[in-house]
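Biologist: I am new to this structure and would like a short tour of it. Could you put it on screen before we begin?

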Amino acid sequence: MRYIWPLLCVALASCAQAADDVSEVDDAALRQWVDSYYGDYLRPGVTAEQLLTHYAEDVEFVDPTFRIDVRGHDGLMGVFGQLGTPESNYRDVEWQIDKVMVDGQSVAVNGVMSGAWFGCPFEMAFVTIFDIEDGLIARQQDFFAASTFDEQVALDRETGLPTCETSTASAG
């Protein structure tokens with residue numbers, strides 16, 4: 001939990017114009033939008049094309065933690081391309097949403113992402129900032145507590161693969 005506070009502070013500083021302008025969302029419609037997005041993301045068999053319906057055509061998607069910086073639906077296809085397929089190395093992914101905050105058309109979500117990567121269980125804090133235009137995501141910024149992920153999956157820096165005891169990374 002100590003990792004989420006620095007991330008949340010950075011995220012909210014970029015999301016909010018002033019501290020007084022940021023408020024915890026009690027708007028049921030906004031919470032429903034967040035639940036719908038994450039519900040679609042986790043739906044078994046969801047395809048990248050289905051998830052793209054939440055995004056503007058010229059969306060900007062930035063994830064400095066994992067060095068992702070793409071534009072448009074074509075760029076997102078590279079990020080979400082294996083979503084819901086047997087080729088995806090992520091399994092049993094769950095998003096626990098702890099807090100949703102809003103400032104105008106910007107929504108900050110923080111919580112915990114958990115699941116398995118190459119068979120290695122993980123749980124890491126995240127903050128996502130969505131900039132919404134005309135009901136679609138125009139910009140998304142993701143921030144993850146990657147050091148906890150690396151520790152949990154025992155990431156081998158040379159191969160980029162996990163070395164945890166339950167890993168299926170080397171299985172053919």
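Biologist: Which residues are linked in a network of salt bridges?

Modeller: The network joins Glu60, Asp69, Arg71 and Arg139. A salt bridge here is a side-chain nitrogen of Lys or Arg within 4 Å of a carboxyl oxygen of Asp or Glu. Please note that this is a predicted model, in which local features need pLDDT of at least 70 and side-chain atom pairs count only at pLDDT 80 or more, while totals for chains, interfaces and linings use all residues. Residues are numbered from 1 along each chain as its sequence is written, and side-chain values use heavy atoms, with hydrogens and water left out.

Biologist: What are the closest N and O distances for Glu60 with Arg71 and with Arg139?

Modeller: For Glu60 and Arg71 the closest N and O atoms are 3.2 Å apart. That pair links distant parts of the chain, with Glu60 in strand E2 (residues 55-63) and Arg71 in strand E3 (residues 68-71), 11 residues apart. Strands (E, at least two residues) and helices (H or I, at least four) are DSSP runs, numbered from the N terminus. Between Arg139 and Glu60 the closest N and O atoms are 2.9 Å apart. Arg139 belongs to strand E7 (residues 136-144) and Glu60 to strand E2, so this bridge ties together parts that are 79 residues apart in sequence.

Biologist: Are Arg71 and Arg139 buried or exposed?

Modeller: Arg71 is partly exposed at 46% relative accessibility, and Arg139 is partly exposed at 24%. Buried means under 20% relative accessible area, exposed over 50%, and partly exposed in between, using a 1.4 Å probe and protein chains only.

Biologist: How many salt bridges are there in the whole structure?

Modeller: The search finds 4. One of them joins the side chains of Arg43 and Asp40, at 2.9 Å from N to O. Arg43 is partly exposed at 34%, and Asp40 is also partly exposed, at 21%.

Biologist: Changing topic, how many aromatic pairs are there?

Modeller: The count comes to 20 aromatic pairs. Rings of Phe, Tyr and Trp (its six-membered ring) pair if their centres lie within 6.5 Å; planes under 30 degrees apart count as stacked, over 60 as edge-to-face and the rest as tilted. Among the pairs is Tyr38 with Trp95, whose ring centres are 5.1 Å apart and whose planes stand at 55 degrees, so the pair is tilted. Tyr38 lies in helix H2 (residues 28-42) and Trp95 in strand E4 (residues 90-103), so parts 57 residues apart in sequence are tied together. Tyr38 is buried at 6% relative accessibility, and Trp95 is buried at 15%.

Biologist: Why is the pair of Tyr38 and Phe130 edge-to-face?

Modeller: Their planes are at 70 degrees, with the ring centres 6.4 Å apart, so the pair is edge-to-face. Phe130 lies in strand E6 (residues 120-133), so its pairing with Tyr38 in helix H2 ties together parts that are 92 residues apart in sequence. Phe130 is buried, at 0% relative accessibility.

Biologist: Which residues have the most contacts inside the largest nonpolar core?

Modeller: They are Tyr37, Tyr38, Tyr55, Phe80, Val109 and Phe130, in a core of 34 residues. A nonpolar core is a set of buried Ala, Val, Leu, Ile, Met, Phe, Trp, Tyr and Cys residues joined through side-chain atoms within 4.5 Å. A second, separate core has 5 residues, including Met101 and Phe143.
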